[in-house]
Structures are given as C-alpha cells and as structure tokens.
Amino acid sequence: MALVNEKQLEEYRAAKTSAAFRLLKDRGKIRAEGPDHVSFLHAMLSNEVQRLEPHQGRYAAFLTATGKMVADLYCYRFPASALLDVQKSLLADVIEKLEAHLIMDEVELRDESDQYAHVGFLGPGVRRLLEPLLEGRPPEGVCSLTEVSFDGERGWWIAMHPEDPHDFEVLLPAGGGGGFYGRLIASGLAELSPETFDLLRLERGVPLFGVDMDQKNYPMEAGLERAVSLTKGCYIGQEVVARATHIGGVPRKLRRLQVEGDEPPEAGAEILGPEGRSVGFVTSAARSPDLSRAIALGYLKRAHADFNREFRVRLGSGSQVRVRVVERFHLPAVTS
C-alpha cells in the first residue's frame with residue numbers, strides 16, 4: 001500500500017506535525033456488570049483486572065484453552081462495572097465465548113456499542129487541541145481514563161499506546177458524538193483515511209487483528225507481551241502462555257521488516273532464506289514517506305527471527321528484494 005493522493009499525504013503530515021483524528025467505528029463495546037464481574041474477567045483475560053483501580057485499563061487478550069487468541073481488547077474498570085473495547089467484527093464471538101464460561105458467576109454481559117461515539121487522535125498537537133474542547137484534565141499513564149465533558153455530555157479521555165505519548169482516544173455518549181465530530185471538522189483538523197491510519201499503525205509496528213494476527217495465533221507470536229501478565233493467577237490459556245514464555249517458545253515471531261526499495265510486498269508474500277527456502281511470510285506492508293522506502297510486518301520462523309538478519313522477499317512484479325529484520329523503524333522525531 002502507498003498513499004495515493006495529496007490529501008492522504010496531508011493527513012499523514014498532520015499526524016506527524018500537528019494533530020489528526022479518526023472515527024473508531026470499527027470498535028465495539030461490551031459492558032460487564034454484577035457482583036462477580038471483576039473476578040470473572042480476571043479469570044478470562046491474559047492481563048491484570050483484579051488490581052486495577054477505577055478508571056484504569058489494560059490491553060489484554062482473550063484466549064482459548066489452547067492459548068490461541070479469540071481477540072485482543074482493552075479492559076477498563078469503573079466503580080461498578082467494566083467496559084471491554086474490542087474489534088466490532090469479533091464482538092459477537094467474544095460475548096458468546098465469555099458467556100460459555102459463566103457457570104456460577106453473577107455477571108451480565110451487554111453489547112453497548114451503539115451507546116458510544118469513539119474517536120482516536122494522533123499527533124504532538126492533540127493535547128492543545130482537546131484541552132479547550134473538553135472540560136477536564138488530560139490522562140496520565142497508559143490506558144488511564146479521566147472524566148471529561150463536552151457540551152454537558154460526560155465522557156472519557158484515554159491515553160493509549162506506551163510508545164506514543166501523542167496517542168489518545170475520546171469516548172463520549174452517542175448523543176454527543178455528532179456535535180464533537182462537527183467541532184473537529186470545523187476546526188480544520190485532518191481526518192485520517194483508513195489507508196493513512198493503516199500506514200501510521202504499521203510504522204509503529206502495531207499488529208491488527210484479522211490482518212497481522214488471528215485466531216490461529218498465540219499472543220507471544222504476535223509480539224503482544226504487553227497484553228500478558230506473567231505474575232497474575234490462572235486464566236484461560238495461561239499454562240500454554242507460561243510454557244511458551246519460559247520453556248519452549250513459540251514456533252514463529254511477528255517482526256518489523258525494512259524493505260529495500262519503494263515497492264511494498266503483498267500480504268502473504270514469502271520471505272526466503274539464503275538457500276531460497278521459505279522462512280516466513282508478510283502480513284502487511286506499505287511505503288513510508290518518512291523513511292522513503294517500503295516497510296512491512298511479517299512472521300518468521302523462530303530460528304530466523306533475530307534482529308538485523310537479512311532475507312529476500314518476492315514482490316508482485318516477480319522480482320526479489322532484500323528485507324532486514326529490525327527492532328523498530330527509525331522514523332524522524334515527531335515535532336509540534
């Protein structure tokens with residue numbers, strides 16, 4: 001994928017130098033309530049729930065008994081309930097599989113997706129943009145929420161990714177979402193197209209469910225270490241995760257790949273070792289304007305997943321180019 005027009009390039013630059021936003025219509029919401037909702041979610045999810053304070057959250061995975069992912073999600077605690085933020089296409093499956101584990105637990109799970117307007121923001125100017133719009137203080141700390149209001153509607157300002165201090169989200173009641181969206185548009189703020197957002201998340205090395213990982217993957221394969229607590233008690237799939245972490249590892253690893261040249265490889269393109277044998281495959285790729293080259297995410301067999309190793313990948317044109325495994329893409333510093 002490459003940004004194909006001037007508008008997308010303007011969106012990209014806005015996210016790097018000022019601020020840009022995206023309506024998160026692809027995210028669903030599950031409300032968990034009842035006397036046992038905290039202990040139940042703690043036993044279901046791969047990350048800490050029990051010790052979270054109200055208005056704290058965690059990135060987590062919901063796994064099968066064999067350690068494979070049902071979904072990745074965010075879990076936010078409130079004084080009398082919890083809210084799960086999950087990809088909308090996975091929402092029905094997550095509810096069904098969670099309810100299958102409800103035996104004696106007093107827990108109610110409810111789809112509240114239509115009750116919220118959810119907006120994501122990127123860029124060094126996001127705080128300066130949002131502080132005049134929202135009554136309330138900015139959040140501090142990853143996955144922390146602070147209560148804010150917009151035109152009298154109470155909502156939440158959320159700090160998101162640990163590697164990006166300019167990554168925020170705002171969650172408002174659906175009734176206030178239209179006015180908030182209108183205010184953002186009136187301010188001249190750039191709205192990210194799906195293509196531009198996909199490039200930005202790829203530059204940060206953030207895998208997307210259904211693209212870079214799915215229900216055949218273990219969380220440690222996809223590099224989701226921050227979604228997994230290695231010190232909490234038992235949860236579904238915990239034994240498999242523990243063995244993969246401390247004993248046998250996982251058969252493959254998702255890695256960032258720096259591609260030689262401008263042409264992004266196609267999803268599914270084979271990654272070839274020195275003898276021309278397949279050692280992995282590409283999951284997503286794009287051309288980065290800031291790096292002036294193509295970049296990709298892809299799975300490599302564990303024995304080939306060390307950083308700084310070089311391989312070759314087949315392009316759609318039939319030619320082969322070199323790719324190098326990197327720990328991160330060295331992008332220019334974001335400036336306000």
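Hi everyone, let me start with Asn47: leaving aside neighbours within four places in sequence, Asn47 is in contact with Arg58, Tyr59, Ala60, Arg226, Ala227, Val228, Ser229 and Lys232. Please keep in mind throughout that this is a predicted model.

Where does Asn47 sit? Its place is in the loop between helix 2, residues 37-44, and strand 3. Is Asn47 buried or exposed? With a relative accessible area of 8%, Asn47 counts as buried, because the cut-off for that word is under 20%. There is a polar interaction to look at here too: a polar atom of the Asn47 side chain lies 3.0 Å from the backbone oxygen of Arg226.

Now to the sheet. Five strands make up an open sheet in the order 3-4-5-2-6, and the pairing is antiparallel. Strand 3 and strand 6, the latter covering 108-111, stand at the edges with a single partner strand each, so one side of each is left without a neighbour in the sheet. On average, neighbouring strands of this sheet are turned by 30° against each other, direction ignored. Helix 2, which I mentioned a moment ago, packs on the sheet and touches strand 2, strand 3, strand 4 and strand 5. For those of you who like angles, the direction of helix 2 makes about 35° with that of strand 5.

Let me walk along the sheet, beginning at strand 3. Strand 3, residues 57-63, runs antiparallel to strand 4, and 7 bridges join the two. As an example of the register, Tyr59 has Tyr74 in strand 4 as its bridge partner. Tyr59 was also on the contact list of Asn47. Strands 3 and 4 form a hairpin with 5 residues between them, and in the turn Gly67 has a positive phi of about 85°.

How many residues of strand 4 are buried? For strand 4, residues 69-77, the count is 9 of 9. As a general reminder, side chains in a regular strand alternate between the two faces of the sheet.

On we go to strand 5, residues 81-87, which runs antiparallel to strand 4 and is joined to it by 5 bridges. Here Leu73 has Val86 in strand 5 as its bridge partner. The link between strand 4 and strand 5 is a hairpin through 3 residues. At the other edge, strand 2, residues 27-33, pairs with strand 6 over 4 bridges, in the antiparallel sense. Ile30 has Asp111 in strand 6 as its bridge partner.

Two more residues before I finish. Glu221 is found in the loop between helix 6, 194-203, and helix 7, 238-246. Glu221 is buried, with a relative accessible area of 3%. Which side chains make polar contacts with Glu221? One is Asn217, at 3.0 Å, and another is Arg252, at 3.4 Å. Arg252 is also among the residues that Glu221 touches beyond four places in sequence, along with Lys216, Val250, Pro251, Lys253, Leu254 and Tyr299.

Last comes Val321, in strand 17, residues 320-326. Val321 is buried as well, at a relative accessible area of 11%. Setting aside residues up to four places away in sequence, Val321 touches Val259, Glu260, Phe311, Arg312, Val313 and Leu315. If you would like a distance to check on screen, the C-alpha atoms of Val321 and Glu266 are separated by 13 Å, and these two residues are 55 apart along the chain.

Thanks for listening!

Conventions. Residues are numbered from 1 along each chain as its sequence is written. This is a predicted model: local features need pLDDT of at least 70, side-chain atom pairs count only at pLDDT 80 or more; totals for chains, interfaces and linings use all residues. Side-chain values use heavy atoms; hydrogens and water are left out. Buried means under 20% relative accessible area, exposed over 50%, partly exposed in between (1.4 Å probe, protein chains only). Two strands pair if DSSP finds at least two bridges between them. Contact means heavy atoms within 4.5 Å. A polar contact is a pair of N or O atoms within 3.5 Å; within protein, one must be able to donate a hydrogen and the other to accept it, and residues adjacent in sequence count only if both atoms are side-chain atoms. Axes are lines fitted to C-alpha atoms, for helices over the stretch in contact, and angles run from 0 to 180 degrees between N-to-C directions.
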